[in-house]
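Welcome! Let us take a friendly walk through a structure, stopping at a few places where charged side chains meet.

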Amino acid sequence: MSSPAAIALDHVTKVYDKPVVSDISLEVPEGSFVTVLGPSGSGKSTILQIIGGFLQPTAGRILFAGTDMTALPPNKRPCNTIFQDLGLFPHMTVAENVAYGLKVRGVDPATRRKCTAEMLAIVALEGYERRPIHQLSGGQRQRVALARALVLDPAVLLLDEPLTGLDERLRQQLRGEISRLHRRLGATILAVTHNQDEALSLSDRIIVLRAGRIEQIGTPREIFERPANAFVARFVGFDAILKPECVDSGIADWHARVAGRDIRCEPPVSRDPANGYVLVLRPERIRIAHPKERSDLGPLTVISTAYKGRDVEVESRLVDGQALKFLISADSGVAVPASGSSIEIVWEPIKPLLLPDALVEP
Amino acid sequence: MPREPGPDESAGAGLRPAGFLLALPSLAVFVGVGFIPLALIATWSFWSFDPDTYWIKPAWSFASYAALLDNGRATVFLRTAGLAALTATASTLLAVPAAAVVGLLSGPRRAALLLALFTIPFFTSGLVRAFAWRLVLGRQGVINNALMSLGIVETPVEWLLFSDFAVLMGMVAAYLPFAIVPIVLAFARIEHSVIRASQDLGAGFWTVLATIVLPLVLPGIVAGFLFVFVAAVGTSMEVQLLGGAGASSISIMIDDVLRVVNFPLAFAIATVVVTVLTVLIIIANRALRLSRLFESLGI
């Protein structure tokens with residue numbers, strides 16, 4: 001790499017009673033948007049706090065543009081964090097909030113006013129300078145927090161669950177906002193989230209975390225199309241997961257046997273995983289076979305169906321007892337199977353992926 | 001993130017008939033034991049008093065108010081206010097660090113324990129506590145004995161007891177918890193995310209203290225000061241038990257005037273004190289929204 005990464009974590013470990021973060025090494029290149037994706041308890045917030053300087057790692061180093069800053073306190077680091085609870089100053093106006101960091105740095109009042117005004121314009125909060133914080137809506141508060149951090153032109157902006165706790169409309173609006181700011185200001189951003197949609201739509205690169213360890217690093221497309229294992233697959237929405245009885249390698253396709261049926265699969269990337277393979281499918285790619293159609297899998301007994309607006313979720317069971325959930329279109333033309341009825345399903349022309357099985361959630 | 005009510009929501013929807021009925025019991029208590037007695041006192045302070053016959057006539061007069069500053073009463077007013085201000089200042093200065101430990105640095109369990117410890121002195125009567133200071137500060141008291149046996153002084157230090165210093169000690173000890181409670185509430189209202197955010201934006205320890213913590217705790221400090229000040233203005237016990245010869249206070253003065261049955265004058269003094277204190281509290285509340293401190297208690 002030509003220039004050092006804006007942030008690099010070098011074998012970082014954090015241990016409380018148990019290790020929360022284990023031997024994490026990652027890099028955030030200058031100008032990129034990297035997301036750490038993981039369920040709650042995976043250690044993603046811990047990583048953010050270690051980078052921000054609010055926690056000291058048990059072992060490992062944190063480098064900003066190649067310089068080791070592991071020992072520096074939060075106020076001496078060239079990064080700014082927007083925590084989930086924002087921490088806007090309730091006794092200050094919008095403008096005072098945004099100017100705070102400049103004032104602490106001893107920037108003169110004229111420059112302070114100019115930068116604050118510019119940044120408020122960027123986040124579309126002109127005219128709100130003198131408003132007290134408690135008069136703002138949730139979305140406006142988020143934008144004040146963004147402006148307050150970005151006005152300092154941080155080497156890296158850290159976002160802690162930036163869109164969690166907002167309603168859907170606001171979430172979409174702010175997602176666009178963050179994306180726009182990232183492009184316009186060329187800011188380097190590291191976000192943590194448990195929401196795969198957020199991660200997929202915002203990031204250049206995603207790091208999937210599980211129990212303090214990195215499961216996969218890749219572009220959103222790589223993560224979504226080629227998840228490294230069953231855990232990552234489930235996390236990015238491959239909810240239809242089956243455990244095959246046996247797997248045979250072939251020349252073009254591989255074959256897996258599920259409930260007595262032979263299924264053609266994509267060849268796996270990794271060979272001979274420790275816990276065997278699972279067969280994964282996107283639940284929206286499955287449909288119910290017509291009576292005369294050659295099916296890919298069946299018979300399945302329908303346990304229940306649930307109307308989800310755009311789709312109907314079908315919960316079914318194979319003859320070997322494995323459960324399979326999938327989605328069928330809720331269009332009026334598609335018949336919803338009755339509970340207890342027997343169906344066959346189709347997913348051709350796509351082929352299921354064979355992925356290494358992940359151990360049961362810790 | 002809990003959404004704070006907007007300006008229109010918090011302004012209150014006014015009392016609807018059902019709300020009025022529900023508020024009636026507390027309103028009745030407030031009017032019965034608060035407003036009516038005060039109104040009577042204020043009214044009677046304008047009646048006339050004949051010192052020869054001890055007759056209180058329902059004839060409007062400002063004579064009592066004219067007599068307020070006679071016979072050295074002005075000095076008593078000023079001394080009482082001064083001593084109360086000194087007590088409130090000392091109590092507040094002591095209360096801020098104590099409250100910071102309770103409200104900012106302790107978890108809920110330890111905070112509850114520490115608050116309980118602060119209230120234990122109230123298990124004994126104030127009279128006993130004031131008297132106890134005599135045993136500490138007296139000529140044969142704990143401090144003088146210690147100083148003499150250590151050879152620091154030859155004869156007992158006289159100004160320890162029966163002095164303004166003794167009164168101050170007694171009052172600070174008695175009213176310190178009044179200052180601690182509102183300041184604890186103010187500290188407890190500071191969200192840690194706010195402090196973390198200011199550190200993140202580049203503020204070191206002292207900057208956080210000066211720009212975030214102090215402004216947010218200021219309403220609590222003013223409320224604590226006022227609580228102690230109001231209590232100290234109204235006290236007589238510490239002055240009587242620990243004060244020097246001729247020491248007086250507004251309460252003692254009222255008591256003296258009541259002894260000669262000059263009710264209008266006593267009521268006039270009381271009315272002035274209540275008015276001044278009320279105005280002080282209203283101004284402070286307007287300026288700093290002190291009432292918000294107690295919102296977290298659900299009052």
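In which helix do R171(A) and E168(A) both lie, and how many residues apart are they? They belong to helix α5 of chain A, which covers residues 168-185, and they are three residues apart, about one turn of the helix. Please keep in mind as you look around that this is a predicted model.

These two residues form a salt bridge, and their closest N and O atoms are 3.2 Å apart. Is R171(A) buried or exposed? R171(A) counts as buried because its relative accessibility is 18%, below the 20% cut-off. Its partner E168(A) has a relative accessible area of 44% and is partly exposed.

**A bridge within a helix of chain B**

Now turn to chain B, where the side chains of D255(B) and R259(B) meet in a salt bridge with an N to O distance of 2.9 Å. Both residues sit in helix α12 of chain B (residues 250-259), four residues apart, about one turn of the helix. D255(B) is partly exposed, at 31% relative accessible area, while R259(B) counts as exposed, at 62% relative accessibility.

**A bridge between distant parts of chain A**

Back in chain A, D253(A) and K351(A) form a salt bridge whose closest N and O atoms are 2.8 Å apart. This pair links distant parts of the chain, with the two positions 98 residues apart in numbering: D253(A) is in the loop between β12 (246-248) and β13 (254-258), and K351(A) is in the loop between β20 (342-346) and β21 (353-356). D253(A) counts as buried, with 13% relative accessibility, whereas K351(A) is partly exposed, with a relative accessible area of 24%.

Which residues are linked with this pair in a network of salt bridges? D253(A) and K351(A) are joined there by R264(A) and E348(A).

Here are the three pairs side by side:

| Salt bridge | N to O distance |
|---|---|
| R171(A) and E168(A) | 3.2 Å |
| D253(A) and K351(A) | 2.8 Å |
| D255(B) and R259(B) | 2.9 Å |

These pairs are among the 21 salt bridges that the structure holds over all chains.

**An annotated stretch of chain A**

One more stop is worth making. An unreviewed UniProt entry carries the annotation "domain: ABC transporter" for residues 7-236 of chain A. Over those residues, the chain is 37% helix and 25% strand, and the end C-alpha atoms are 26 Å apart.

Conventions:
Residues numbered from 1 in each chain as written. Chains lettered and ligands numbered in written order. Predicted model: local features only at pLDDT ≥ 70, side-chain atom pairs only at ≥ 80, totals over all residues. Heavy atoms only, no water. Salt bridge = Lys/Arg side-chain N within 4 Å of Asp/Glu carboxyl O. Buried < 20%, exposed > 50% of the residue type's maximum accessible area, 1.4 Å probe, protein only. UniProt positions renumbered as here; feature names shortened; annotations may be inferred.
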